[in-house]
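Please read the following account alongside the sequence and the coordinates. It goes through cysteines, strands, aromatic rings and nonpolar cores in turn.

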Amino acid sequence: MIPAQGTRPDRDAHVVVVGAGFSGIGAAVRLRRAGFRDVLVLEKGPQLGGTWRDNTYPGCACDVPSTLYSYSFTPDTAWTRVFAGQQEIHAYLRSTAERYGLGDVLRCGVRVLGARWDPALGRWRLETSDGPRTAAILVLATGPWHVPRHLDVPGVEEFPGPVLHTARWDHDVDLAGRRVAVVGSGASAIQLVPAIQSRASAVHLFQRTAPWVLPKPDLPVPAAFNRCLDRVPKARRALRAGQYGLQESLGCAFRHPELARLVEAGARAHLRLTVRDRRLRRALTPDYRLGCKRLLTSSTYYPALARPHVHLHPTAVAAVRGREIVGADGTAVPADVLVTATGFRVGELPLARSLHGADGRTLHEAWGGEPRAYLGTSVSGFPKLFVLLGPNLLGGSTSAITVLEAQLTYLTSALTHLDRSGHAALDVRPGAQAAYNTAVQEALRTTVYNSGGCTSYYLAPSGRNTFAWPWSTGRLVHRLSRFDPGAYTWYTPTGPALLPAPAAPRDGHHATPTPGEQRGERP
């Protein structure tokens, strides 16, 4: 096991990574492989794992194929299922950390309370639960699925039974023979309900908006198949490439709403074949374009809802009255256990309110409720800060690990360039960040994320899309494949120096948007 504390002095590290989930572990491995030895990973939890440590609710699993939802530098895992479960993914992260010897860089049980850029020192000053530290480079690897969104309705605090959020599951609560009310119909709910319905005497699911659901071919992976992949590495790479291609074909439908109708036909057929009750089927039929909200996959969700003791209530929850859960349509049902499958506050980074940049403002103040960054990675006014899985990098079909590894290539290239340049710091130019984000928002305008006729966590309260990437994943990987120094202001020991933008290299990489991107053209 990875130790909670090391023994070497590490108060002043070259790179401090905050968070030890997929992003933090991946960053530590890639930075060390790139030659950066003075790396420190601070994790507030008792062990590594991030969202795969925190989410332990029954049925929790990944909705991206296991072979694709893994590091390219550690692909040789003998997954037992096509879509791995929470325990297996958590074990994969632990074994990866042990495989690359991260015990000496990982500090679990250390919470970062705040950070402030010190221009005189050219470093970040960190306040942590075990005292002050400094970092030349600060990497936020806390991820977008971190801060739970709790049910906020009158009376919920007075509910007399257990109240469980799916991201904070209490396994001491026995659901056997009890009436369970589940609020929410997103990714966690469609996994939870089939897993608990056989134990509960009754399950009441409150659905504010019906999701689009495709069948999930979640099959066991034979041991012989894994042995074959180990013996033929090209076969493993081909399998990963094939799964990537399938995910990207869905992404193409999201970028071109007219193609989404073809996928919708498959989802409607799945609903018709598994739900015979017409009234229930109508309640489960979405009234918006597929992809506008997160597309879900399950082959057990619809059959579970068709069980006689499982009841769908197509309404939001308006209040809790004693043991009764009251819907906005007046429905009132008794419950012994209340489960909130209400997801996360996706746009809220845990440190945003206590991370102060060059002008003293916090990241939360700089963003004003609308997260934005250059290439989803660098934020103007926050020198030598890098955000992993940041704004406008993900989508409804992309594997987060593919995006993460592209960012890690950009991160290591940036740090290598900084070390070789002799400059003290770098900060993305406001103009480069603004031009990039303008192009992103214009391109998003015609995608299903923005024009699909729904509200989702992709959108800030203002309606601005702060989550989705509007082009192909291949284009994202290309944009992040090489660091672009012309987009940054460089600080010498005596002050800032604005470098001229370099000539466009032959591969077409560019620091600022192309004319096509400025017009919002889609590849």
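Why is the sulfur of Cys60 not in a bond with the closest cysteine sulfur, in Cys62? The model is a predicted one, and in it the two sulfur atoms of Cys60 and Cys62 are 9.0 Å apart, which is too far for a bond. The limit for a disulfide is a pair of sulfur atoms within 2.5 Å. Cys60 is buried, at 9% relative accessibility. Cys108 is also without a bond, because its sulfur is 19 Å from the closest cysteine sulfur, that of Cys60. Cys108 counts as buried as well, with a relative accessibility of 6%.

By the distance rule the count is one disulfide. The bond runs between Cys292 and Cys454, with an S to S distance of 1.9 Å. Cys292 belongs to the loop between helix 8 (278-283) and strand 11 (296-297), and Cys454 to the loop between helix 13 (448-451) and helix 14 (473-479), so the disulfide ties together parts that are 162 residues apart in sequence. The torsion about the S-S bond of Cys292 and Cys454 is about -110°, and the disulfide is therefore left-handed. Both ends are covered: Cys292 is buried with a relative accessible area of 0%, and Cys454 is buried with a value of 16%.

The strands come next. Strands of a sheet pair through backbone hydrogen bonds, in either the parallel or the antiparallel sense. An open sheet of five strands has the order 7-16-8-9-12 and parallel pairing. At its edges are strand 7 (163-165) and strand 12 (310-313), each of which pairs on one side only. From one strand to the next the twist averages 20°. Within this sheet, strand 8 (residues 179-183) and strand 9 (residues 202-206) run parallel and are joined by five bridges. Arg179 has Ala202 of strand 9 opposite.

A second open sheet has three strands in the order 13-14-15, and here the pairing is antiparallel. Strand 13 (317-321) and strand 15 (332-334) each have a single partner strand, so one side of each is left without a neighbour in the sheet. The twist in this sheet averages 25° from one strand to the next. Strand 13 is joined to strand 14 (residues 324-327) by four bridges, and the two run antiparallel. Val317 stands opposite Gly327 of strand 14.

Strand 4 (residues 112-118) has five of its seven residues buried and is mostly covered. Which strands pair with strand 4, and in what sense? Strand 5 (residues 123-128) pairs with strand 4 in the antiparallel sense, over six bridges. Strand 17 (residues 355-356) runs parallel to strand 4 and is joined to it by two bridges. Ala115 takes part in both pairings: its bridge partner in strand 5 is Leu126, and in strand 17 the residue opposite Ala115 is Leu355. Four residues lie between the strands in the hairpin of strand 4 and strand 5, where Gly122 takes a positive phi near 70°.

The aromatic residues can be followed from this hairpin. A pair of aromatic rings is described by the distance of the centres and the angle of the planes. The count of aromatic pairs comes to 22. One of the pairs is formed by Trp117 and Trp124, which are edge-to-face at 5.6 Å centre to centre, with 65° between the planes. Trp117 and Trp124 are both buried. Tyr457 and Tyr458 also form an edge-to-face pair, with centres 5.1 Å apart and planes at 85°. Tyr457 is partly exposed, with a relative accessible area of 31%, whereas Tyr458 is buried at 1%. Ring pairs also link a cluster that includes Phe22, Trp52, Tyr71 and Tyr100. A charge meets a ring at Trp471, where the charged end of Arg475 sits over the ring, 4.8 Å from its centre.

The last topic is the nonpolar cores. In soluble globular proteins, nonpolar side chains tend to be buried together. The largest nonpolar core holds 118 residues, and those touching the most other members include Val17, Phe22, Tyr71 and Tyr488. Helix 11 (residues 400-421) gives the largest share of this core, eleven residues. A second core is separate and has 26 residues, among them Val18, Leu138, Leu349 and Trp367. Phe22 and Tyr71 thus appear twice in this account, as members of the ring cluster and of the largest core.

Conventions: Residues are numbered from 1 along each chain as its sequence is written. This is a predicted model: local features need pLDDT of at least 70, side-chain atom pairs count only at pLDDT 80 or more; totals for chains, interfaces and linings use all residues. Side-chain values use heavy atoms; hydrogens and water are left out. Buried means under 20% relative accessible area, exposed over 50%, partly exposed in between (1.4 Å probe, protein chains only). Rings of Phe, Tyr and Trp (its six-membered ring) pair if their centres lie within 6.5 Å; planes under 30 degrees apart count as stacked, over 60 as edge-to-face and the rest as tilted. A charge sits over a ring if NZ of Lys or CZ of Arg is within 6 Å of the ring centre and within 35 degrees of the ring normal. A nonpolar core is a set of buried Ala, Val, Leu, Ile, Met, Phe, Trp, Tyr and Cys residues joined through side-chain atoms within 4.5 Å. Two strands pair if DSSP finds at least two bridges between them. Axes are lines fitted to C-alpha atoms, for helices over the stretch in contact, and angles run from 0 to 180 degrees between N-to-C directions.
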